[in-house]
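Visitor: Could you take me through one part of this structure up close? I'd like to look at the sheet and whatever packs on it.

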Amino acid sequence: MVVPQVPPQRGHAEEHPTGRRLALLSLTALGIVYGDIGTSPLYAFKEGFIGAHAYAASHSNVYGLLSLITWALIGVVSIKYLLLVVRADNRGEGGMMSLLALVLQHEKDDGGKGRRKFYIVLAMFGTALLLGDGMITPAISMLGAVEGLKEVTPGLERWIMPITLALLIALFSVQKYGTARVGYLFGPVTLVWFVVIATLGALEIIKEPHILSALSPHHAVLFFVHNGADGFYVLGAVVLAITGAEALYADMGHFGKRPIRYAWFAVALPCLLLNYYGQGALLLRDASAADNPFYSLAPRQLLVPLIILATAATVVASQAMISGAFSLAQQCMQLGFSPRLSIIHTSYKQAGQIYVPEINYVIMVGCVLLVVGFQTAASLSAAYGIAVTGAFSITTILYTVLAKRRWKWSVFALVAFMTVFLVTDAAFFAANAVKISHGGWVTLLIALVIFVILATWKTGRAMLNQILNSGSLPLDLFLSDIARKKPHRVPGTAVFMTSVTDGVPVVLLHHLKHNKVLHEQVVLMSIKTQDVPEVRSEERLSLDRLEHGFHRVTARYGFMETPDIPEILYRLRQLGLRAKQNETTFYLGRERILVLDHHRGPKPGNRRMPEDAEFTDMSRWRKKLFVFLHRNARSATESFGIPPNRVVEMGGQVEF
């Protein structure tokens, strides 16, 4: 018997790695997790002195900005995410959708339907913000790296945008080959990057050691005292130094908590601080270096090698963000927030390495348009920050809910957490909100479009399922009818794919009505996505043997897994069900959705929404959007690995 070639099972990160294994995982995490935040010195510090709300490069302002960056890295990244948020692991996985799944698990017994909807909307908008951030990160990081060319010679400035575009297009063009072959370079390249930027900063700190006094938080307070209300805008630059914080939580499932923490506290944090303090020390001696303090740290003869290294580091950071977008898209699809997309596994050994062509194309086009539209990293930074601060706030809210439900935090602990971190997140968001007129509207527009698509698909699918379920027949009544009428039975197995778990799918009723026959063996198969990243093997399938040759099969998958029909059939044969692939026919329903005019009202005989339906209606334009998404979604045949020559699709008309 041939075992089907199925996508690899995701391996969970080791809970307590030690020795060489811990060092290897920490090195790999350094490249994947901290690539984005590690390249922020290219543009974050200078934004405070050349951005839309620029401050004079005075001693007090340099000390104040450094102090704010320092305590943002410590407070947001070190304390909030690495000490607290990573506790919210869903069987080892992290990220916005994983956090939502945990929250919904603990809301099931409350009957709080309104709260569930609120949490879902929050997570959908947070996901939209992160996907929008995935477009901006490669663009601003690559621009920031390539802009070092103008420090070599001003004549090269006109080549910055063409080179950036060429690098971005090349980066997205190789995504289909996967990262398995070059992935092992990510950690070493990022480690070299951190060592180099730390060395450059340390050499400058030696010349101005007084800059280390910026470690004291009182300089942050003095900054606001000296600048008054205008000092608030500096938070828009500070947040650029922590833009990769959300990634470390999302990538927790790949490496585990310990390697991520070790990589941060042993390498990333000290190296980042050394470089930022080096840039500050440079400005104390030469305020004119504020235009590009990062590249001004390097001796002129080392500029070209530094530009090459910075470009390599930004490629790693961009790759990590792109891979994260692929993973996030897969989670959205499996949890029912987006239409079915093409999920291509680029590595048989590592399930996390996937390629989603549709997402790759959209992000590539978005990056190209952003580079062409904004042209410089300084201009693009105006659109950066809003997405990540919005995601910070949503994570804080969902984590607080989970802390109350799951860990039973005291009221004092909940209030303290919310007060400190939600106020901080809100301050960052408000400071970045002033960027809206300078380009921040682009981020909000991207996020809004993504959110509308996610919300429309989620609501539309719920409405469609409710309509189809209302036309379903109770199974016991159907089987009684089969026993009484005894339709003609033909050899073989028929598998009816259905989302209905307690009734007869409409496609089976249509088949019997029009074809007047049934197979000797009929399988009603439902594929369910659980609120966990991966379902245990022993929990994968449930098989109920019914009367008259009928069987009900429920296959359960996690939101990080891809359903696979050949694998299910193989497992069913092990359970004793006769289901040979070449003797099995799969029946799928393919609905044709019609959007009715509101003024005409429903026609007699149309299916109506159930009175207790959770989702009751959408506006006409959203219904049309859902129809468009439904028509262009990847077919179930492709998504579930069903052999195309064994599929029969039966159409039906549904009126919205």
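**A close look at the sheet**

Guide: Let's start with one pair of residues: Leu543 has Val553, in β8, as its bridge partner. Keep in mind as you look that this is a predicted model. That pair belongs to a longer match, with β7 and β8 (residues 550-557) running antiparallel to each other and joined over 5 bridges. In general, strands of a sheet pair through backbone hydrogen bonds, and they can do it parallel or antiparallel.

Now zoom out to the whole sheet. It's an open one with 6 strands, and you can walk across it in the order β7-β8-β6-β4-β9-β10, with mixed pairing along the way. β7 (541-545) and β10 (647-655) are the edge strands; each has a single partner strand, so one side of each has no neighbour in the sheet. Going from one strand to the next, the twist averages 25°.

Next, the helices. Helix α22 (residues 475-485) lies across β4 (488-497), β6 (517-529) and β8, and runs at about 150° to β8. Helix α23 (residues 506-515) also packs on the sheet, where it touches β4, β6, β8, β9 (584-594) and β10. The direction of α23 makes about 165° with that of β6.

How far can you trust the picture? Mean pLDDT for the chain is 84, with 91% of residues at 70 or more. One stretch to treat with care is 599-615, where pLDDT is below 50 and the model has 28 contacts beyond near neighbours in sequence. Where pLDDT is low, the predicted coordinates shouldn't be read in detail.

Terms used:
Residues are numbered from 1 along each chain as its sequence is written. This is a predicted model: local features need pLDDT of at least 70, side-chain atom pairs count only at pLDDT 80 or more; totals for chains, interfaces and linings use all residues. Side-chain values use heavy atoms; hydrogens and water are left out. pLDDT is the predictor's confidence in each residue, from 0 to 100. Contact means heavy atoms within 4.5 Å. Two strands pair if DSSP finds at least two bridges between them. Helices (H or I, at least four residues) and strands (E, at least two) are DSSP runs, numbered from the N terminus. Axes are lines fitted to C-alpha atoms, for helices over the stretch in contact, and angles run from 0 to 180 degrees between N-to-C directions.
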